[in-house]
Amino acid sequence: MDAINHPPVNGEDKPVVPVFFVSDSTGITSEAMGNALLVQFPHLTFTRTTVPFLGSLEAARELVARLDRQVAAGRTPLVFSTAVHDEIRDCILSSKATVIDLLSAYLGSVERALGTTSVRRAKQLHTLADSQRYNSRMQAIEFAIEHDDGQSLRALEQADIILLAPSRCGKTPTSMYLALQHGLFAANYPLVDEDFESTVLPRPVRKYQDRLFGIVTSTERLCQVRNERRPNSRYASRQQVSFELRGAKAMMKANGIPYVDSSTKSVEEMSAMILQYLSITSGR
């Protein structure tokens with residue numbers, strides 16, 4: 001396979017590589033697997049395009065023509081494909097772009113290990129066999145939305161995890177990711193000024209101490225994020241941010257609450273740490 005060589009564009013220092021995530025289903029798998037590989041190349045810049053529900057040979061041919069036009073223009077795309085149907089997959093592979101066929105790379109090995117052939121059917125994500133897991137994830141998302149930022153305390157005892165943090169530290173995206181990807185009932189509760197007057201846990205979550213997990217961040221990062229929301233406000237000031245972060249850390253340390261710094265971790269990394277914590281505390 002020839003290496004992709006893209007010059008910098010628009011005066012950027014980093015080479016820019018067009019990336020396509022292609023699927024005859026939702027595209028979530030191709031995005032997840034492709035991005036897991038791309039993160040290993042921080043010295044490059046990627047422009048990402050997702051092409052889901054590629055359900056016909058005609059649509060596949062139109063995509064190939066689009067990819068080949070970019071090749072002719074001197075910018076060879078990198079394509080991550082999870083197309084299952086043979087004719088659609090073969091059409092994509094005929095492109096002059098660099099195509100990484102993610103399913104074929106592993107499906108044959110799985111078939112040999114299981115001693116049977118796969119049905120090679122797209123859109124298998126929400127079949128009847130998987131309906132229980134799907135419904136569970138939908139219920140978890142509803143729970144996360146209802147219990148976002150302490151909006152509701154109803155049925156809080158059902159929470160698998162309660163994220164505790166000052167405002168804008170990453171509670172909401174983390175709880176939503178845990179719900180969507182892992183079906184966890186994740187609530188989140190914001191720490192406010194009166195909570196920092198002592199290291200005692202806020203009353204609404206006090207009896208759920210064994211389910212609490214904290215999130216903090218750096219002063220610089222939190223000032224930046226809050227200034228984007230409320231520029232030049234007390235809420236975004238360095239003094240206020242430092243006060244809240246010191247208080248949050250003191251509270252978590254005093255009560256033995258594990259916490260993670262979101263300024264150095266992605267949502268996926270934080271979620272993995274929370275899952276690991278839950279597996280240890282639950283004995284799973």
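## Spaces and sheets in a predicted model

The largest cavity holds about 30 Å³ of space. Before going further, please note that this is a predicted model, in which local features need pLDDT of at least 70, side-chain atom pairs count only at pLDDT 80 or more, and totals for chains, interfaces and linings use all residues. Residues are numbered from 1 along each chain as its sequence is written, and side-chain values use heavy atoms, with hydrogens and water left out.

Let us start with the empty spaces. On a 1 Å grid over the protein atoms alone, a cavity is a set of points where a 1.4 Å probe fits but cannot get out, while a pocket is an open set with protein on both sides within 12 Å along at least five of seven lines; lining residues have an atom within 4 Å of a point. Points are joined across faces, edges and corners, and a volume is the space filled by probe spheres set on them.

A search of the whole structure turns up one cavity of 30 Å³ or more. Among the residues lining the largest cavity are H147, S152, N188 and Y189. Strand β6 (residues 186-191) supplies the largest share of that lining, three residues. Helices (H or I, at least four residues) and strands (E, at least two) are DSSP runs, numbered from the N terminus.

The second largest pocket has about 490 Å³ of space. Of its 28 lining residues, S167, R168, C169, K171 and Y235 are the closest to its centre. Helix α8 (219-229) gives the most to this lining, with four residues. In the table, Ala, Val, Leu, Ile, Met, Phe, Trp, Tyr, Cys and Pro count as nonpolar, Asp, Glu, Lys and Arg as charged, and the others, Gly among them, as polar.

| Lining | Nonpolar | Polar | Charged |
|---|---|---|---|
| Largest cavity | five residues | four residues | no residues |
| Second largest pocket | ten residues | seven residues | eleven residues |

Now for the sheets. Two strands pair if DSSP finds at least two bridges between them. One open sheet of four strands runs in the order β2-β1-β3-β4, with parallel pairing. Strands β2 (45-51) and β4 (98-101) stand at its edges with a single partner strand each, so one side of each lacks a neighbour in the sheet. From one strand to the next, the twist averages 20°; angles run from 0 to 180 degrees between N-to-C directions, and axes are lines fitted to C-alpha atoms, for helices over the stretch in contact. Strands β1 (residues 16-22) and β3 (residues 78-81) pair over four bridges, and F20 stands opposite V79 in β3. Helix α2 packs on this sheet, touching β1, β2 and β3, with its direction at about 170° to that of β1. Contact means heavy atoms within 4.5 Å.

Helices α2 (residues 57-72) and α3 (residues 86-93) also meet each other: their axes come within 9 Å and cross at roughly 10°. The two are therefore roughly parallel, a term for angles under 35 degrees (over 145 is roughly antiparallel, 65 to 115 roughly perpendicular and the rest oblique). Here L57, A60, R61 and V64 in α2 meet E87, I88, C91 and I92 in α3. Six of the contact residues are nonpolar, none polar and two charged.

A further open sheet of four strands has the order β6-β5-β7-β8, again with parallel pairing. Its twist averages 25° from one strand to the next. Strand β5 (residues 161-166) pairs with β6 over six bridges, and the bridge partner of P166 is L191 in β6.
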